[in-house]
Amino acid sequence: MADALRAAAQGFCSTRPNPRVGCVVVRDGAVVGRGYHHHAGGPHAEVVALGEAGPLANGATAYVTLEPCNHHGRTPPCVDALIAARVARVVYACDDPHPQVAGQGAARLRAAGITVDAGPLGDAARELNRGFMSRFRCGRPFLTLKVGMSLDGKTALANGQSQWITGPAARADVQRLRARSCAVLTGIGTVLADDPALTVRDPRFDLGGTPPARVVLDASLRLGPDARLFATPEPVYVFTADGEAGRRAPLEALGARVERVAPDRGGVDLQAVLARLGALGMNEVLAECGPRLAGGLLAAGLVDELVCYLAPKILGSGARSAFALPDFTALAECPGLDVIETRRVGPDLRIVARPATA
C-alpha cells in the first residue's frame, strides 16, 4: 500500500478535480503491475496497473489507495476492470466519499466473489486527498492560508512595501503550494496593491493541462481589465456582491467568470464563496491575501491549514499585521493552532499549523 501511495503522489498536481489514486498489483509476492491516475479523463490507477499486469492479474491482489469507483464518469467503473481481470483480492486504504461510490464499489466487488479488505494506511491516503475528502464531506474545498511574515508578525511596512520579506527559497516553495491547488484565492485589495499573476511559474510541476484558477473576492467590482490576471490563460473567477451588468461585462469579455454572492460586512459571504468553489469541483484552495481577508477566513473557521513563512526580520510596531482580527479580551478567545511541521527554507522558517479543533 505504501508503494501504491507513492505511485498516487506522482499525480500530485495533475488529477484535479479527481482524487490522487495509485494501484499496485501483486501476485505470488511479486509486483506485476503498478499505475496511478494522471489526469481527469484519463485511465484510472487500477486500469493502468491491470494493463501492466496483463494475464498475471488473474488471482492477484490489487492494492488501491482509494475505494474503486462503481459509476460511469469520463471513464468506465474501475470495479468492472477489476472483475474482468479476475483478481482474487482487493485491498483499499480508505473509503471514497463520493456519493456514487461510498461503499458501493466494495459491495460490488464482494458480490462478484472478490475478497475485499479496507483500512491499511488510511490516514495517509486521506491526507493525500484532503481536498477531495473535504469537498464531499464538508461541501467545500480544503483551504490553505499562506502568509509570509517577519518575526514580529508583520507582512509589510507601514508604507505598504512588502517585496520581499521572505527569501527566494520560500517564494519557490509557494509554487509547490499553488501547483497542488485547484485555485489560488485573493482579495481585490491585494490585486490593486500588488497586481499579482498568481500563476505556477515553475516548469518542474506537471499540471496535467489544468493549471490552478485564480479567484478574486471583489464585492464592488473594482477589478480592472488591465490586471495581470488577464495576461495569462489560466481561468479567473470573480465573486462579487455587485450585480450591475455594466461592471461585469468588461471582465466577462476577457473570459472571467463573474459570480454574485451575498454581501457580508463590506465584503462577500466567505462561506458561500467556498461552497460555490466546492460545487465547481475544486478540491484544494490556496489563499494568498491581505490581512483583512486572512483575518476573515480565520474568524469564520474556514482555514484548514496555515502555512507561515517566517523571515528573520523585525519590521516594527508601525508595520502591517498579518491578520486583521477583532481585539480579544481573554486568551481563551484567541484561535488555537497545532503546529504539525517546521523546517528551514533558505534563511526562513516554514511553519505548518492546523486549527486545534480540527
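Here are some notes on this predicted model, point by point.

1. Strand 10 is a good place to start. It covers residues 236–240, and five of the five are buried, so the strand is largely enclosed by the rest of the structure. In a regular strand, side chains alternate between the two faces of the sheet. Here both faces are covered: V236, V238 and T240 are buried on one side, and Y237 and F239 are buried on the other.

2. Next, the partners of strand 10. Strand 9 (residues 213–217) pairs with strand 10 in the parallel sense, over four bridges. Strand 11 (residues 257–260) also pairs with strand 10 in the parallel sense, again over four bridges. If you want one residue to click on, try V238: V216 stands opposite V238, and in strand 11 the bridge partner of V238 is V258.

3. Now for helix 6, residues 130–137. This helix is mostly covered, with six of its eight residues buried. Which residues of helix 6 are the buried ones? They are R130, G131, F132, M133, S134 and R135. After the helix comes G139, which has a positive phi, near 80°.

4. N283 ties in with that helix. It lies in the loop between helix 10 (270–279) and strand 14 (284–288). Is N283 buried or exposed? Its relative accessibility is 6%, so N283 counts as buried. Its side chain makes a polar contact with the side chain of R135, at 2.6 Å, and R135 is one of the buried residues of helix 6.

5. The wider surroundings of N283 are worth a look too. Leaving aside neighbours within four places in sequence, N283 is in contact with G131, F132 and R135, among others. The list also includes P17 and N18, as well as P141, F142 and C182.

6. On to the cysteines, for anyone wondering about redox conditions. The structure holds zero disulfides. C94 is in no disulfide, and the nearest cysteine sulfur, that of C69, is 14 Å away. C94 is also buried, with a relative accessible area of 3%.

7. C138 has its own story. Why is the sulfur of C138 not in a bond with the closest cysteine sulfur? That closest sulfur is in C94, and because the two are 14 Å apart, they are too far for a bond. As for accessibility, C138 counts as exposed, at 57%. So C94 is buried at 3%, while C138 is exposed at 57%.

8. A short point on rings. The model has a count of one aromatic pair. There is also a charge over a ring: the charged end of R20 sits over the ring of F12, 4.5 Å from the ring centre.

9. Last stop is I340, which is found in strand 17 (residues 337–345). With a relative accessible area of 48%, I340 is partly exposed; the exposed class begins over 50%. What does I340 touch, not counting residues up to four places away in sequence? It touches E305, V352, A353 and R354. I340 and E305 are 35 residues apart along the chain, and their C-alpha atoms are separated by 9.8 Å.

Terms used: Residues are numbered from 1 along each chain as its sequence is written. This is a predicted model: local features need pLDDT of at least 70, side-chain atom pairs count only at pLDDT 80 or more; totals for chains, interfaces and linings use all residues. Side-chain values use heavy atoms; hydrogens and water are left out. Helices (H or I, at least four residues) and strands (E, at least two) are DSSP runs, numbered from the N terminus. Buried means under 20% relative accessible area, exposed over 50%, partly exposed in between (1.4 Å probe, protein chains only). A polar contact is a pair of N or O atoms within 3.5 Å; within protein, one must be able to donate a hydrogen and the other to accept it, and residues adjacent in sequence count only if both atoms are side-chain atoms. Contact means heavy atoms within 4.5 Å. Rings of Phe, Tyr and Trp (its six-membered ring) pair if their centres lie within 6.5 Å; planes under 30 degrees apart count as stacked, over 60 as edge-to-face and the rest as tilted. A charge sits over a ring if NZ of Lys or CZ of Arg is within 6 Å of the ring centre and within 35 degrees of the ring normal. A disulfide is a pair of cysteine sulfur atoms within 2.5 Å. Two strands pair if DSSP finds at least two bridges between them.
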